[in-house]
Amino acid sequence: MARYISGRIAGLVLILFMVCLFTYLIFFELSPDPALMICGKTCTPDRVDQIRSSLGLDKPFLVQFWDFISGLFVGRDYGSGANLVHCGAPCLGYSFQTSQPVWQMVTERLPVTATVAVGAAVLWLLLGIAAGLISAVKEGSWWDRTMMGLALGGASIPNYVLALALQYILVVKLQILPFPSAVSFFDDPVMWFESYLMPWIVLATGYACLYARLTRANVIDTLAENFMRTARSKGLPPALTMRRHALRPALTPVTTIFGMDFAALLGGALITETVFGLNGVGKMAADSIAKNDQPVIMAVTLLAAFFVVVGNLVVDLVYTWLDPRVRIR
């Protein structure tokens, strides 16, 4: 196990290094004029020259990239003299448009994104797996057809359409929920729950429908396996047979996509956060794209890649607990 984990971590580091290399290459080497794009739409030539000098864009590419990588671990300085700006580790860059280190911007907004992602993930796992399991057990019944029909319809609704519809019905017409805002749980737990409920529902709807259909298909396939017939022939209780022998191996593909989906959400739910006005990583990315703030865009890209790679490692480790047929050598 230790050897396997060490190998996976080494692979994780290599993948992250390659992601950093290609991301930096795209944003700084292949860009026509990175300093001009970083400075923004309204910028003076002197300001562009200052940014170019501060970023070291007049240096060879490998030197620039080494400065970026070393800044992740020890921090770095931009500019010199009166124009010196220090970016502490981990330095993901410096936004000259907001005059802030990008890491500071990310950490201020990441709790909002994490709250949205975790709440939605809990909701779609509970609803999706439960609906898929019941539909598989009652295969061919009216319950199965109804649930799968709803799942198909729910998966077809775009997030922004559902978000606008919920806001109009629950906030404007019925006035039973407040307009979402980034309220802290410790300040007001009730307001916190009410503020995040609609974003959770919007994000969870599409995922829950997908997970319900996937769980149903996997459980039906698992029930037809030989080891399931053996378990029944031994006289094991149906509930124990379903929980121990059918559900766990059937959840292996679900675990795979959950690790990727949840990790991607931690990188920012761009549409949902933008529609509801939640100042998370996703909305920060959308605002940065509109302003062409390249350091922030690159940082969000790297953050999302980091979560996806780490999520993939966690999924591989969870496999051995869910399915005893999986062995790590």
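Here a trainee and a mentor talk through salt bridges and helix crossings in a predicted model.

Trainee: What makes Arg 52 and Asp 49 a salt bridge?

Mentor: Look at the gap: the N to O distance between their side chains is 2.9 Å. The cut-off is 4 Å between a side-chain nitrogen of Lys or Arg and a carboxyl oxygen of Asp or Glu, so the pair counts.

Trainee: And where do these two sit in the helix?

Mentor: Both are in helix H3 (residues 45-55), three residues apart, which puts about one helical turn between them.

Trainee: Why is Arg 52 called partly exposed?

Mentor: Its relative accessibility is 27%. Buried means under 20% and exposed means over 50%, so a value in between is partly exposed. Asp 49, at 43%, gets that label too.

Trainee: How do you know that Asp 67 and Lys 59 form a salt bridge?

Mentor: Their closest N and O atoms are 3.8 Å apart. The limit is within 4 Å, so this pair makes it in. Lys 59 is partly exposed, by the way, with 41% relative accessibility.

Trainee: What about Asp 287 and Lys 283, how far apart are their closest N and O atoms?

Mentor: That salt bridge has them 3.2 Å apart. Both residues belong to helix H13 (residues 281-291) and are four residues apart, about one turn of the helix. Asp 287 is partly exposed at 32%.

Trainee: How many salt bridges does the rule give?

Mentor: Five.

Trainee: On to helices. Why are H8 and H11 called roughly antiparallel?

Mentor: The axes of H8 (residues 189-223) and H11 (residues 252-266) cross at roughly 165° and come within 10 Å. Angles over 145 degrees count as roughly antiparallel, so the name fits. Their crossing is right-handed.

Trainee: Which residues make that contact?

Mentor: From H8 they include Leu 203, Tyr 207 and Leu 210, and from H11 they include Pro 253, Val 254 and Ile 257. By class, the contact of H8 with H11 has ten nonpolar, two polar and one charged.

Trainee: Then why do H6 and H8 count as oblique?

Mentor: The axes of H6 (residues 142-155) and H8 cross at roughly 140° and come within 8 Å. Roughly antiparallel needs an angle over 145 degrees, and roughly perpendicular runs from 65 to 115, so this one falls into the rest: oblique. The crossing of H6 and H8 is left-handed.

Trainee: Which residues meet there?

Mentor: Among them are Asp 144 and Met 148 in H6, and Thr 205 and Arg 213 in H8. The contact of H6 with H8 has seven nonpolar, three polar and three charged residues.

Notes:
Residues numbered from 1 in each chain as written. Predicted model: local features only at pLDDT ≥ 70, side-chain atom pairs only at ≥ 80, totals over all residues. Heavy atoms only, no water. Buried < 20%, exposed > 50% of the residue type's maximum accessible area, 1.4 Å probe, protein only. Axes fitted to C-alpha atoms, helices over the stretch in contact; angles between N-to-C directions. Left-handed = near helix turned anticlockwise from the far one by under 90°. Contact = heavy atoms within 4.5 Å. Nonpolar A, V, L, I, M, F, W, Y, C, P; charged D, E, K, R; others polar.
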